[in-house]
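Here is a short, friendly tour of one protein model, moving from a strand to its neighbours, then to two helices and an enclosed space. Keep the viewer open as you read.

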Amino acid sequence: MRPLLALLIIATSFGPLLAQEAAPERTPAKKKPAPFRWVNPLPGKLPETVRHNTFHSESNNAEVGYAIYLPPGYDAEENSNRRYPVVYVLHGGRPGSEAKIVRLAVPIDRHIRSGDVPEMIYVFPNGGRLSHYDHGESKGEQAFLELIQHVDRTYRTVANRNGRAVEGFSQGGRGTGRYMFKHADLFCSAAPMGGGHQHEKRISESDGVESKSVTITPATNNTWDLARQFAGSEHPDLQILIVVGDRDFNHEANIAWHEHLDALGIDNRFIVVPGAKHSAMEVYEKIGSTIMNFHAGRFRENGLVE
């Protein structure tokens, strides 16, 4: 008799006895996401130049929270007339919260203070109930567009596309992929990272159905169809960086989407991060300066940073 078969017979014979001696292990219940709020507290241990503010969203008739990282020299008197380029960072997960990805401000601050990258402003929006979609009564995309206007009015930004970039991870990678094609007039560079583009493809192929509970309207509001529209239209020059870890469960989907963009003739740079799982912080810890300098290189071409 093989040892494995013998073990199975023993386990079967003594199953009731074992059950009396030890209760079976229970699978831990999934943690429910926090209820959606337009304004959320930030975590601790962030760089001292991170601020938490709100603006009034007309489209949502609500005060909406956002976090903003200002570079170390922003408040210095000698820089009082200086304007800074801005990178918008879209969070992952659902529902939205400006607190979800703000810890990236830690490696961002480190790279800026070390001189690895020039000084830039980073903004962390709240993506709305369905994270970066206008869906039902929650207008995540419209809130984002309103936030850009608010930031340009409130801070010393370069208030045009030459000094504006967008990036995001996971759901934020999907959102970046949509926004960069829909609003190429707003951004000169974009870095969609770790996005679940297989879900975007399902939306394209299933008349907007993402899942049993979510249908996207219009159905063409996805990273596959929007890429086709972008490729077939006149548009300003946009530099694109796709990033995914080789241990990310969205790895294959990002390869497929990168190849889709290539086939459409849309220029893009593609980086696979060795050893990186589905984690924005892990990706940033490994190649954060590369991602930041991707945007900074574009700003440099536009004469905005040294």
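Strand β3, residues 86-90, is mostly covered, with five of its five residues buried. Please keep in mind that this is a predicted model. In a regular strand the side chains alternate between the two faces of the sheet. For β3, Val-86, Tyr-88 and Leu-90 lie on one side, Val-87 and Val-89 on the other, and both faces are covered. Its link to β4 is a parallel one, made by three bridges, and Tyr-88 stands opposite Val-123 of β4.

How do β1 and β2 run relative to each other, parallel or antiparallel? They run antiparallel, and eight bridges join β1 (residues 50-57) to β2. Val-50 has Tyr-69 in β2 as its bridge partner. The two strands form a hairpin with four residues between them, and in that turn Asn-61 has a positive phi of about 50 degrees.

Positive phi values also turn up just after two of the helices. The table puts these residues beside the one in the hairpin turn.

| Residue | Place | Phi |
|---|---|---|
| Asn-61 | turn between β1 and β2 | about 50 degrees |
| Gly-115 | just after α3 | about 85 degrees |
| Gly-265 | just after α8 | about 80 degrees |

Helix α3 (residues 105-114) comes back to the hairpin. Its buried residues are Ala-105, Pro-107, Ile-108, Asp-109, His-111 and Ile-112. They pack against β1 and β2, and also against β4 and α9 (280-301).

Helix α8 covers residues 251-263, 13 residues in all, and spans 19 Å from its first C-alpha to its last, close to the 18 Å expected. An α-helix has 3.6 residues a turn, so residues three or four places apart point the same way. In α8 the buried residues include Ala-253, Asn-254, Trp-257, His-258 and Leu-261, along with His-251 and His-260. Their packing partners are the helices α5, α6 and α7 and the strands β8, β9 and β10.

Finally, where is there enclosed empty space? Rolling a probe the size of a water molecule over the atoms shows where empty space is left. Here the count comes to one cavity of 30 Å³ or more, with a volume of about 30 Å³. Its lining consists of Phe-55, Val-64, Gly-65, Tyr-66, Pro-125, Asn-126, Ala-143, Phe-144 and Leu-147. Both β2 and α4 (140-154) supply at least two of these residues each. By class, seven lining residues are nonpolar, two are polar and none is charged.

Definitions and conventions. Residues are numbered from 1 along each chain as its sequence is written. This is a predicted model: local features need pLDDT of at least 70, side-chain atom pairs count only at pLDDT 80 or more; totals for chains, interfaces and linings use all residues. Side-chain values use heavy atoms; hydrogens and water are left out. On a 1 Å grid over the protein atoms alone, a cavity is a set of points where a 1.4 Å probe fits but cannot get out, and a pocket is an open set with protein on both sides within 12 Å along at least five of seven lines; lining residues have an atom within 4 Å of a point. Grid points are joined across faces, edges and corners, and a volume is the space filled by probe spheres set on the points. Ala, Val, Leu, Ile, Met, Phe, Trp, Tyr, Cys and Pro count as nonpolar, Asp, Glu, Lys and Arg as charged, and the others, Gly among them, as polar. The expected span of a helix is 1.5 Å times one less than its number of residues. Buried means under 20% relative accessible area, exposed over 50%, partly exposed in between (1.4 Å probe, protein chains only). Contact means heavy atoms within 4.5 Å. Two strands pair if DSSP finds at least two bridges between them.
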